[in-house]
Amino acid sequence: MLFNKIEISPLLLSEIHFMGFSEFHINDNDFVIIDKNVFNKYKYTFPTNKVLILESNEELKSFNNLKNVYSFFSKNNLHKDNNVVCVGGGTLSDLIGFACNSYLRGVNLILVPTTLLSMADASIGGKNAINFQHIKNLIGSYYLPKKVIIDINFLKTLQEEHFFSGLAEIIKIAIVKSKSLFLIIQQNIEQIKLLNFGVLAEILEIAISLKCEIINIDFKDENQRLFLNFGHTFAHSFELKENIPHGLAVAKGINLALEISEKFAGLPTNTKNDIIDLFNAFNYNLKINYRNINKLALTKDKKHLSNTNKLVLLENLEIPKIMNLNNDEFNQIIKDLSKFKVYQ
Ligand SMILES: NC(=O)c1ccc[n+]([C@@H]2O[C@H](COP(=O)([O-])OP(=O)(O)OC[C@H]3O[C@@H](n4cnc5c(N)ncnc54)[C@H](O)[C@@H]3O)[C@@H](O)[C@H]2O)c1
């Protein structure tokens, strides 16, 4: 048959290497794009002169910056046999992933995540995106890196708020996919706060393998991968409106999703409380400001269909479910919830 379903090769765990970045060999014809803070802190010298240093924050994920990256590629004659080595957090890898996917219809990408969020989540699974018209991740694609090099030592210099931003995504995957990871985090709260690298490496490896398991089954967000968006429908509004790191917004989004899950998906109150307690043990600010929920952003959410809002809810730990709501039902839920006291 001519139009057979094309199988997308899954991201195998073996493509993810835990190793020191300084042991990773960069060639003189590689392209390096590096986060400015990382570059300044670690004072790297590279054997290549094709180095672009970019300041990373949510603003980076824009058309203008994408154009600058294309210009850097073009000026330095990037070809299919070169590698682009991207060293930084999730904002940088989201931008560079999209640039690498579209330039020459795909050039070799190697990701070196330097934040906890990018190690556990953004560098795994091949999603990339830029923001457009104040909507997060509106334009993007799926494009797998050839390799991901994870050097946990980068976490030593990461600001506290960005550390907890990454931890929130790890807690999220535990909630939707692994009671045992949830338990390990619960049992190691103090060690995690103390940045115990043994504990962190264990948690990180479990979180990564759980995500790989999901994307091997559902690379393109058709079913299981949607569960990883738990809390994200609302988080994107909080992230942009309150100008807070992605994972801290996800924690707030999870708070709201738990509230809705208790009312509409039968989530037991004690499970909801266990999850809230875990976030509180790490001092997350879970306060919801309903005025900050951007209705437009909700309708542009990637799970949204023309007239159906797909909300990821939780029946219990490890048991997420999708609830389909039309716009009126969805608006009513938000209106009703804002009358209730939500955990702070
Ligand atoms: N593609 C995906 O699958 C995916 C998944 C989750 C999140 N994301 C995206 O990731 C983005 C957030 O990424 P992030 O949290 O890594 O933020 P980020 O890339 O903006 O980095 C946060 C801050 O930490 C600094 N930094 C990075 N590494 C450092 C280090 N080792 N030491 C000191 N400072 C360092 C950066 O300069 C920046 O100021 C969001 O845009 C989100 O949408 C993407």
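Helices here are DSSP runs of H or I with at least four residues, and strands are DSSP runs of E with at least two; both are numbered from the N terminus. Residue numbers start from 1 along each chain as its sequence is written. The model is predicted: local features need pLDDT of at least 70, side-chain atom pairs count only at pLDDT 80 or more, and totals for chains, interfaces and linings use all residues.

**Stop one: strand 4.** Select residues 83–88. Six of the six residues are buried (20 or more other C-beta atoms within 10 Å of the residue's own; exposed means 12 or fewer, partly exposed in between; C-beta atoms are placed from the backbone). Turn the strand over. N83, V85 and V87 lie on one side, V84, C86 and G88 on the other, and both faces are covered.

**Stop two: the neighbours.** Add strand 2, residues 31–35. Strands 2 and 4 pair (at least two DSSP bridges between them) in the parallel sense, over four bridges. Find I34: V87 of strand 4 stands opposite. Now add strand 5, residues 108–113. Strand 4 pairs with strand 5 in the parallel sense too, over six bridges. Here G88 has P113 as its bridge partner. Follow the chain from strand 4 through helix 3 (residues 90–102) to strand 5. This β-α-β crossover is right-handed (clockwise from the first strand over the helix to the second, with the strands pointing away from the viewer).

**Stop three: helix 9.** Select residues 232–242. Why is helix 9 largely enclosed by the rest of the structure? Because eight of its eleven residues are buried. They are H232, T233, F234, A235, H236, S237, F238 and E239. Step just past the helix to N243, which takes a positive phi of about 50°.
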